[in-house]
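Trainee: Hey, got a minute to walk me through a structure? I'd like to get my bearings before the group meeting.

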Amino acid sequence: MLDLFCCQGGAAQGYANAGFEVVGVDCTPQPRYPFAFVLGDAVSYVREHGAEFDFIHASPPCQAYSATAVLWDNAHPDLIAPTRAALEATGRPWVIENVAGARGEMRNPVTLCGAMFGLETYRHRLFETGGGFTLDAPPHPAHTVPQTKMGRRVEPGTYGQFVGNFIGVDLARAVLGVPWMNRDGIRECIPPAYSEHIGREWLRGGVTPGPDRPARV
Ligand SMILES: C[S@@+](CC[C@H](N)C(=O)[O-])C[C@H]1O[C@@H](n2cnc3c(N)ncnc32)[C@H](O)[C@@H]1O
C-alpha cells in the first residue's frame, strides 16, 4: 500500500500489522519511518505512481484545521481537495485521514476513537474513503475518563491528549503504540490501531466488487 504524507509512520505501522507491504512518501526526510520511504511531494507522487498500488492512505497536513490553528500563521495550504482529486484519478481504493476540525472539507467521514481499540486516549480522527472502499467503525464507547488539559502532565486517572509541546513522550509512545517516534511524530500521528482496523476491513472485503476488483475474503 502507498502511505502519503507519511511522517514517522503511525498509519504505516498499522497497515503493516494488518499484513501490507508499505511505501511512504513525505516532503521532509523521515529517518524514523520504519518502511520503504520516498522523499517528494505526495500529490505529484500519487498522480504518477498511485495506480501501481493496491490501496492508498493519505494524511494531508492538518495544521490548518487543528484545535491549535489559531496559533499558526494561516499559511498552511488546504491539501485535502487536491489529494482527493489525485486519489480519484488512480482508480484504486483510498482513505483520507484528518482531524475533527477538517470535517467541513471531508465527505461523509467515519470517526475513529482510541476507546474503540482499548487505547487510553481518545484522539478522534476522521476517515473519508473512496475508490469503492467503504469503512465501518467499531462501536464508539462513551468517554468516561477525564482528559488532562493540553500542555499539562498526564495525571493518574486521566487520559493525555499529546498535542503541541505535550509533556510525557514515553507515556505517549506506550499509549499510542508508537515506541520509535519522537514528540514531533507523536503529535502528528494516528495510532497504528486505527489503520490496522482499516487495513483489515479492506482485506476482509470492505470494497465494492468491480470487474478488476474482486471481493476479498
Ligand atoms: C499529519 S502528518 C502525517 C501523520 C502520519 N499519517 C502518521 O500517522 O504518523 C503530515 C505529514 O505531511 C507532510 N507533508 C506536508 N506537505 C506535504 C507534501 N506536499 N507532500 C508530501 N508530504 C507532505 C509533513 O511533512 C508531515 O510529515
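Mentor: Sure, let's go from the overall layout to a few single residues. One thing up front: this is a predicted model.

Trainee: Okay, noted. How many helices and strands are there in the protein?

Mentor: You'll find 6 helices and 7 strands. Going from the N terminus, the order is β-α-β-β-α-β-α-β-β-β-α-α-α.

Trainee: And how much of the protein is buried?

Mentor: Of its 217 residues, 42% are buried. Here's another overall number: take contacts between residues at least 6 apart in sequence, and 55% of them join residues at least 24 apart.

Trainee: Cool. Which residues touch the most other members of the largest nonpolar core?

Mentor: That core has 49 residues, and the ones touching the most other members are M1, L4, Y15, V46, I56 and A58. Helix α1 supplies the largest share of the core, with 5 residues.

Trainee: Let me pick one of those. What does I56 touch?

Mentor: Quite a list! Skipping anything up to four places away in sequence, I56 touches M1, L2, L4, V46, G50, L87, T90, R92 and W94.

Trainee: Switching topic: there's a ligand in there. Which residues are closest to the ligand?

Mentor: The closest are F5, C7, G10, S59 and C189, out of 20 residues that surround the ligand. The elements giving two or more residues to that shell are α1 (10-18), β2 (23-26) and α5 (183-188).

Trainee: How does the shell divide into nonpolar, polar and charged?

Mentor: The shell around the ligand has 11 nonpolar residues, 6 polar and 3 charged.

Trainee: You mentioned C7 there. Where does C7 lie?

Mentor: C7 is in the loop between β1 (2-4) and α1. Its backbone is worth a look: C7 isn't a glycine, yet it has a positive phi of about 50°.

Trainee: What's the usual sign of phi for residues other than glycine?

Mentor: Most of them have a negative phi. R123 is another case, with a positive phi near 35° in a residue other than glycine. You'll see R123 in the loop between β6 (110-112) and β7.

Trainee: So are those two buried or exposed?

Mentor: C7 counts as buried because it has 24 C-beta neighbours inside 10 Å, and the cut-off for buried is 20 or more. R123 has 22 such neighbours, so R123 counts as buried too.

Trainee: Got it. Back to the helices: how do α2 and α3 pack?

Mentor: Helix α2 (residues 42-49) and helix α3 (residues 80-90) pack at an angle of about 10°, and their axes are 9 Å apart. That angle makes α2 roughly parallel to α3.

Trainee: Which residues make that contact?

Mentor: From α2, the residues are V43, V46 and R47. From α3, they are P82, T83, A86, L87, A89 and T90. Together the residues of this contact split into 6 nonpolar, 2 polar and 1 charged.

Trainee: What comes after α2? I clicked on A51 and wondered where it sits.

Mentor: A51 is in the loop between α2 and β4 (56-58). Apart from neighbours within four places in sequence, A51 is in contact with T90, G91 and R92. A51 and T90 are 39 residues apart along the chain, but their C-alpha atoms are separated by 4.8 Å.

Trainee: Why is A51 partly exposed?

Mentor: A51 has 13 other C-beta atoms within 10 Å, so it counts as partly exposed.

Trainee: One more loop, please. What is R103 in contact with?

Mentor: Leaving out neighbours within four places in sequence, R103 is in contact with P109 and L126. R103 itself is found in the loop between β5 (94-98) and β6. Its C-alpha atom is 7.4 Å from that of L126, which is 23 residues away along the chain.

Trainee: Last one: is G157 buried or exposed?

Mentor: G157 is exposed, because it has 8 other C-beta atoms within 10 Å. G157 lies in the loop between β7 (125-130) and α4 (169-176). From G157 to P146 is 7.5 Å, C-alpha to C-alpha, with the two 11 residues apart in sequence.

Trainee: Great, thanks!

Definitions and conventions
Residues are numbered from 1 along each chain as its sequence is written. This is a predicted model: local features need pLDDT of at least 70, side-chain atom pairs count only at pLDDT 80 or more; totals for chains, interfaces and linings use all residues. A residue is near a molecule or strand if its C-beta atom, placed from the backbone, lies within 6 Å of it. Helices (H or I, at least four residues) and strands (E, at least two) are DSSP runs, numbered from the N terminus. Ala, Val, Leu, Ile, Met, Phe, Trp, Tyr, Cys and Pro count as nonpolar, Asp, Glu, Lys and Arg as charged, and the others, Gly among them, as polar. Axes are lines fitted to C-alpha atoms, for helices over the stretch in contact, and angles run from 0 to 180 degrees between N-to-C directions. Angles under 35 degrees count as roughly parallel, over 145 as roughly antiparallel, 65 to 115 as roughly perpendicular and the rest as oblique. Two residues are in contact if their C-beta atoms, placed from the backbone, lie within 7 Å. A nonpolar core is a set of buried Ala, Val, Leu, Ile, Met, Phe, Trp, Tyr and Cys residues joined through C-beta atoms within 7 Å. A residue is buried if 20 or more other C-beta atoms lie within 10 Å of its own, exposed if 12 or fewer, and partly exposed in between; C-beta atoms are placed from the backbone.
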